[in-house]
Amino acid sequence: MFNLEGYLPTILEGSIITLQIALLSLALALVLGILGALGKLSRNVIARKSAEIYTTLIRSVPDLILMLLIYFGGQVLVNDLAYKLGYDDYIEISPFAAGVITIGFIFGAYLTETFRGGILAVPQGQLEAGRAFGMSPIKVFRRILFPQMMRHALPGLTNNWLVLLKTTALVSIIGLDDLVRKANMAAGVTQKPFTFYLLVGVIFLVFTSISTLLLKRLENHYNPERRGH
Amino acid sequence: MDFTPVIENIDFYWQGLFTTIQLVSAALILGLMLAIPLALMRGSQHAYLRFPAWFYIYIIRGTPLLVQLYIIYYGFGQVESIKASWLWAFFKEAYWCALFAFTLNTAAYTAEILRGAIETTPKGELEAAKAFGMSKNMIYRRILLPSAFRRALPAYSNEVIFLLHGSAVAGVITLVDITGAARIVNARFYNPFEAFIVAALFYMALTFCFIWLFKRLEKRYLSHLQKPAQ
């Protein structure tokens, strides 16, 4: 039952793709999350409203629907646009790009809330002090806001990362050769779906367990009270 | 954009809405029933009770719902002992597989939420109950669980939304839930934009209904914990 019939390398290849998607979409989500949080806390009405619409819309629709919408819908949209611009060839969006963009976009909305809470936890006076020292806004962000915000945002970030990692399984549905789809194929050929999906489950469990351990250490790093304990 | 094919086939979506509501609410009820003993086991002093609950929750929360669903729907057919038994009558149907997977999944998350709520029970409440001479059973029934349920409400409302959104994967194993309906319409008319936007609207409406419902429940059962209006 647990003979993989030589498909282990294929599955491991898929795991690498899964990790790539997860890390790239995390990077996108971090950028969008910080922008969204700054938008939500900004004095500018347009920035505030658009950040609010972004988080509300994304968080009220399932990830899978958004993914199908961006992948299949985006495909039609891009081709219509290209056709109108006088371009005749069929343009194909890569499922990899669609997957990364969708997941990054979705988790950007969740991280917006996490970062907003983190930013609010930093005392205003410290930011004012930074400005009074003549620091540029970027320097204030880098030296004062960001390190302290991270400390408050990390537990939320850890949670979001674990959910994100599991969400990547959905990219198999839009045809990306991730871990789950490689298992689909191996299961189809060998007629051993139980074996291969169980293996996929174990690999995800390893990923989430390692993540939890590493992020615990990072939490300690940003929390000076616990550093070195 | 042309919504006519979607509107002409809106019946698929109504059917899908019905399936989604049915699956999610059944899984929520069954999951909650499983979650209560799990949460109590998880917080038990005995390792032989605590460990299995911890392990179960750890595995379910560490793996994607889609993979859990695949193991049950596609995988169980490979296991001879399941295929030969009466259980196969259930596990060959996509509907029961989805219900089973969603129930197991939400039970684990809910148990963790409940455990947190039970742990934060104010000591005074328990001491008062003991001083009244209540038995351990009665304390659980009358003090600990009702008070934990209330405090768990906000986190539980998040879990309900997560399950609702997670249930979209049912459309992948041939079920016609809202996602399944959109996939059928898209496959027939090749109108992905319109088909999935309408599905998104259905989910959005459901999400807002759930949020509204939980806001009301929180108002009713948590008002004693809210700050008084200024």
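What follows is a chat about a predicted model with chains A and B.

Colleague: Before anything else, how many helices and strands are there in chain A?

Modeller: Keeping in mind that this is a predicted model, the secondary structure of chain A comes to 8 helices and 0 strands, so that reading from the N terminus you meet α-α-α-α-α-α-α-α.

Colleague: And how many in chain B?

Modeller: Chain B has 11 helices and 0 strands, and its elements, again taken from the N terminus on, run α-α-α-α-α-α-α-α-α-α-α.

Colleague: What does the C-alpha trace of each chain span along its principal axes?

Modeller: For chain A the span is about 65 × 60 × 25 Å, while for chain B the corresponding figures are about 70 × 60 × 25 Å.

Colleague: What share of the residues is buried in each?

Modeller: In chain A, buried residues make up 40% of the 229 residues, and in chain B, 41% of the 230 residues count as buried.

Colleague: What about contacts between residues far along the sequence, say in chain B?

Modeller: If you take the contacts in chain B between residues at least 6 apart in sequence, 76% of them join residues at least 24 apart; for chain A, residues 24 or more positions apart account for 76% of the contacts with a separation of 6 or more.

Colleague: What is the average pLDDT of chain A?

Modeller: The average is 89, and 98% of the residues in chain A score at least 70.

Colleague: Where in chain A is the confidence lowest, and where is it highest?

Modeller: The lowest mean belongs to α3(A), at 87, whereas the highest belongs to helix α1 of chain A, residues 8–40, at 94. As a general caution, predicted coordinates should not be read in detail where pLDDT is low.

Colleague: Switching to the contact between the chains, how many residues does each one put in?

Modeller: Chain A gives 29 residues and chain B gives 29 residues. On the side of chain A that touches chain B, α3 (63–84), α7 (179–190) and α8 (193–222) each supply at least two residues.

Colleague: Which of them gives the most?

Modeller: That is α8(A), with 10 residues. By class, the residues on that side of chain A divide into 21 nonpolar, 5 polar and 3 charged.

Colleague: Let's go inside chain B, then: how do α2 and α3 cross?

Modeller: Helix α2 (residues 10–42) and helix α3 (residues 47–62) of chain B have axes that come within 7 Å and cross at roughly 120 degrees, and α2(B) and α3(B) are therefore oblique to each other. The crossing in which α2(B) passes α3(B) is left-handed.

Colleague: Which residues meet there?

Modeller: From α2(B) there are Leu38(B), Met41(B) and Arg42(B), and they meet Leu49(B), Arg50(B), Ala53(B), Trp54(B), Tyr56(B) and Ile57(B) in α3(B). The residues of this contact divide into 7 nonpolar, no polar and 2 charged.

Colleague: And α8 with α9 in chain B, at what angle do they pack?

Modeller: Helix α8 (residues 123–131) and helix α9 (residues 136–166) of chain B pack at an angle of about 165 degrees, with their axes 11 Å apart, which makes α8(B) roughly antiparallel to α9(B). Here α8(B) passes α9(B) in a right-handed crossing.

Colleague: Which residues touch in that pair?

Modeller: Glu125(B), Leu126(B) and Ala129(B) of α8(B) meet Ile139(B), Ile143(B) and Ser147(B) of α9(B), and by class this contact has 4 nonpolar, 1 polar and 1 charged residues.

Colleague: Different topic: where is Gln191(A) placed?

Modeller: Gln191(A) is in the loop between α7 and α8 of chain A, and although it is not a glycine, it has a positive phi of about 60 degrees.

Colleague: Is Gln191(A) buried or exposed?

Modeller: It counts as exposed, because it has 9 C-beta neighbours inside 10 Å.

Colleague: What is the phi of Thr174(B)?

Modeller: Thr174(B) has a positive phi of about 75 degrees, and it is not a glycine either. Thr174(B) lies in the loop between α9 and α10 (178–189) of chain B, and it is exposed, with 12 other C-beta atoms within 10 Å.

Colleague: Last one: what is Phe91(B) in contact with?

Modeller: Leaving aside neighbours within four places in sequence, Phe91(B) is in contact with Ile72(B), Phe76(B), Ile82(B), Trp96(B) and Cys97(B). Phe91(B) is placed in helix α6 (residues 88–91) of chain B, and with 19 other C-beta atoms within 10 Å it is partly exposed.

Notes:
Residues numbered from 1 in each chain as written. Chains lettered and ligands numbered in written order. Predicted model: local features only at pLDDT ≥ 70, side-chain atom pairs only at ≥ 80, totals over all residues. Axes fitted to C-alpha atoms, helices over the stretch in contact; angles between N-to-C directions. Helix = DSSP H or I, 4+ residues; strand = E, 2+ residues; numbered from the N terminus. Parallel < 35°, antiparallel > 145°, perpendicular 65-115°, else oblique. Left-handed = near helix turned anticlockwise from the far one by under 90°. Contact = placed C-beta atoms within 7 Å. Nonpolar A, V, L, I, M, F, W, Y, C, P; charged D, E, K, R; others polar. Buried ≥ 20, exposed ≤ 12 C-beta atoms within 10 Å, placed from the backbone. pLDDT = per-residue confidence, 0-100.
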